[in-house]
Amino acid sequence: MENENKVKGTYDVTDLTSLEKLEPVRVRPGMYIGSTGSKGLHHCLWEVLDNSIDELSNGFGNKIIISLNKDRSVSVIDNGRGIPTGIHPVKKKSGVEMVFTELHTGGKFDNKNYKTSGGLHGVGAAVVNSLSEWLEVEVYQNGEIYKQRFEYAYDSKLKKKMPGTPVTPLKAIGKTKETGTKVTFMADKEVFSTTEFKFEVIDERLQELAFQNKGITLVLKDERNPETIIKEYHSDRGLLDFIDYLNESKSVLHQEPITFEGERDINGISMYGEVCMQFTDSTSEYIASYVNNIPTRDAGTHESGFKTGMTRAFKEWAKKLNLLKEKDKEFEGDDLREGLTAIVRIKISNPVFEGQTKNKLGNNEAYTMMNELCYTRFSEWIEDNKETASIFINNAIDAAQRREKIKKINEAEKKKIGKGTAPLAGKIAVCTLKETSLCEFIVVEGDSAGGSAKQARDRRFQTIMPSKGKIMNTEKQKLENVLGSEELKIFNAAIGTGVLENYREEDLKYGKIIIMSDADVDGYHIRTLWMTYIYRYMKSLIANGHLFIALPPLYKVYKNDKKGELIRYAYSDEELEKVKKEVGKGALLQRYKGLGEMNADQLWETTLNPVTRTLQQVTIDDAAKAEKMVSLLMGDVVEPRKNYMYKYAEF
């Protein structure tokens with residue numbers, strides 16, 4: 001008998017499926033918000049917030065409040081003009097209902113109501129509605145308070161449960177002198193793996209928005225705890241405050257940041273560009289780029305234009321100032337930007353993003369505009385600041401020379417690996433599988449724990465690298481010193497990707513890179529040193545979701561009785577009391593001082609077994625925060641770090 005699950009050979013009109021209204025979003029949420037995890041959950045909030053920011057950045061209103069409510073819903077309130085409440089002459093629906101139930105509906109397509117906007121596609125509000133258990137809108141307009149509610153509910157016309165179904169009409173419920181919009185939604189547990197909004201993620205986003213929109217006020221209220229937390233964000237200096245914030249823990253090479261702005265129309269597209277930047281003594285660059293207040297994590301044409309225009313101007317002036325000798329190798333853009341912190345933002349009337357999540361700008365007009373603006377303004381700045389500019393150019397020439405040295409070091413290491421003479425023998429216990437996605441590379445603190453881990457591991461997919469102790473603080477070291485470190489050479493050779501501009505994702509040999517250190521101060525420091533190195537030299541490992549922290553238990557709670565030995569593990573002091581109650585009367589306690597105290601069986605059960613272990617994924621969703629924290633914790637400037645440690649001493 002033929003397999004009933006086999007795909008049938010015929011394909012006709014009866015096989016076609018039509019999704020109604022907002023069903024496509026519900027069926028394929030990843031297409032609209034990227035994922036259904038924490039990142040996608042917060043993306044829903046950003047969609048609603050972006051609409052409010054668009055109102056304010058176009059001159060309508062000056063305040064937004066985000067409220068994390070006790071029932072786990074979230075509200076966004078602005079004092080803009082309010083979503084149109086009138087009845088559309090063709091659709092015979094209110095503007096509110098159209099915005100929240102129809103994709104590609106909004107006032108941002110013809111540039112009459114919004115010169116620039118982040119919520120370009122007109123799908124954000126409807127997407128959020130379709131992925132919510134319920135959503136309520138209040139509009140304050142024309143002296144009235146209007147309200148409407150939507151739910152994932154039964155649609156009598158379609159005779160099935162539908163997302164974003166209006167369960168009440170838009171109706172006036174009271175009087176007001178205010179204008180604006182309040183959107184409250186409850187993310188659907190059936191869609192998202194978590195519905196817990198993270199205060200710190202929202203905190204950082206609002207801080208960035210305040211810097212980009214000087215003069216507006218943003219408020220975050222967290223009412224989920226017994227005591228309400230309220231935080232306010234406001235910036236009078238805009239990007240100048242932002243650059244101070246980013247460089248707080250760095251030593252700057254010039255006190256006054258370089259700032260400029262400009263406007264231009266190309267092919268009927270209006271654009272406004274702004275740059276604020278400052279050089280530091282760091283060995284890495286950091287560029288935060290934005291389009292219409294949206295962070296472009298994967299950069300795009302505006303950032304490329306900034307880099308090209310800047311490099312062109314400095315190269316020309318290097319020759320004019322006779323700073324490049326004949327024997328000197330000409331520097332490249334990467335050399336020039338070593339130690340640079342920059343904020344590049346553009347407002348554009350018709351942005352073309354790659355996907356709804358808006359991580360990368362694609363407009364060629366933005367490249368042309370930013371290239372020409374940056375070339376012109378940098379040329380003017382250099383002419384007025386020849387002495388300071390000469391320092392930057394000489395640093396770039398030095399960086400180019402170091403790059404050549406590093407290139408030779410890398411080529412030598414590749415030859416060693418090709419000949420099988422790379423320093424791996426006896427150091428690393430390599431797994432047998434070759435399937436990258438299944439394999440794990442685990443860096444273990446100490447030879448003792450490394451020995452236990454080698455015994456405990458699953459040899460098929462787990463590779464173990466014992467680490468001697470603390471690697472160098474790569475935030476404070478020159479590039480050639482970092483690449484000369486034997487410990488890091490071993491790690492690099494084993495991972496296979498290369499570093500910095502030589503990084504190649506396709507050469508990665510392991511799907512997970514796991515750092516396993518003791519649950520004490522030294523262990524945390526070792527973990528931080530490894531994360532700093534990977535963040536600076538292999539950032540794509542983090543960006544692409546490959547880096548994890550293994551969380552070993554702090555306590556073993558056990559007892560022996562007639563039923564045999566009962567063992568449970570606690571991973572924090574808070575969890576300990578719960579575990580002790582679970583084990584019951586007569587429970588004994590062992591406090592682990594380090595991984596080396598565990599035998600192979602215990603290490604497998606608690607920290608290596610994919611079924612029972614706890615892994616924490618390292619992310620850089622908020623790149624500005626990551627940049628600031630790495631510099632703060634690992635940099636040379638002491639005072640900000642000391643203040644941070646006093647503030648979070650208990651943590």
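Beyond its neighbours within four places in sequence, I287 is in contact with E303, F306, K307, R337, A342 and V344. This residue offers a convenient way into the structure, which is a predicted model. I287 belongs to strand β12, a run that covers residues 286-291. With a relative accessibility of 13%, I287 counts as buried, because the cut-off for that class is under 20%. A distant part of the sequence can also be located from here: E627 is 340 residues away from I287 along the chain, yet the two C-alpha atoms are 9.9 Å apart in space.

It helps to set this residue against the protein as a whole. The protein has 651 residues, and buried residues make up 52% of them. Its secondary structure comprises 20 helices and 22 strands. Among contacts with a separation of 6 or more, 70% join residues that lie 24 or more positions apart.

Two of the contacts of I287, E303 and F306, lead on to helix α8, which spans residues 301-320. This helix pairs with helix α10, formed by residues 364-384, and the two axes come within 7 Å of each other and cross at roughly 30°. The two helices are therefore roughly parallel, since angles under 35 degrees fall into that class. Their crossing is right-handed. Sorted by class, the residues in the contact of α8 with α10 comprise 13 nonpolar, 9 polar and 3 charged ones.

Helix α7, made up of residues 239-246, gives a view of a short element and its surroundings. Of its 8 residues, 6 are buried, so the helix is largely enclosed by the rest of the structure. The buried positions of α7 are L239, D241, F242, I243, Y245 and L246. As background to reading such a list, an α-helix has 3.6 residues a turn, so residues three or four places apart point the same way.

The last stop is E144, a residue of strand β4, which runs over residues 144-155. E144 has a relative accessible area of 17% and is buried, again because the limit is under 20%. Its side chain makes a polar contact with the side chain of K175, at 2.6 Å. K175 also appears in the wider set of residues in contact with E144, neighbours within four places in sequence left aside: V139, A172, G174, K175 and T176. E144 thus joins a buried position with a polar side-chain partner.

Note on methods. Residues numbered from 1 in each chain as written. Predicted model: local features only at pLDDT ≥ 70, side-chain atom pairs only at ≥ 80, totals over all residues. Heavy atoms only, no water. Helix = DSSP H or I, 4+ residues; strand = E, 2+ residues; numbered from the N terminus. Buried < 20%, exposed > 50% of the residue type's maximum accessible area, 1.4 Å probe, protein only. Polar contact = N/O pair within 3.5 Å; in protein donor to acceptor, adjacent residues only side chain to side chain. Contact = heavy atoms within 4.5 Å. Axes fitted to C-alpha atoms, helices over the stretch in contact; angles between N-to-C directions. Parallel < 35°, antiparallel > 145°, perpendicular 65-115°, else oblique. Left-handed = near helix turned anticlockwise from the far one by under 90°. Nonpolar A, V, L, I, M, F, W, Y, C, P; charged D, E, K, R; others polar.
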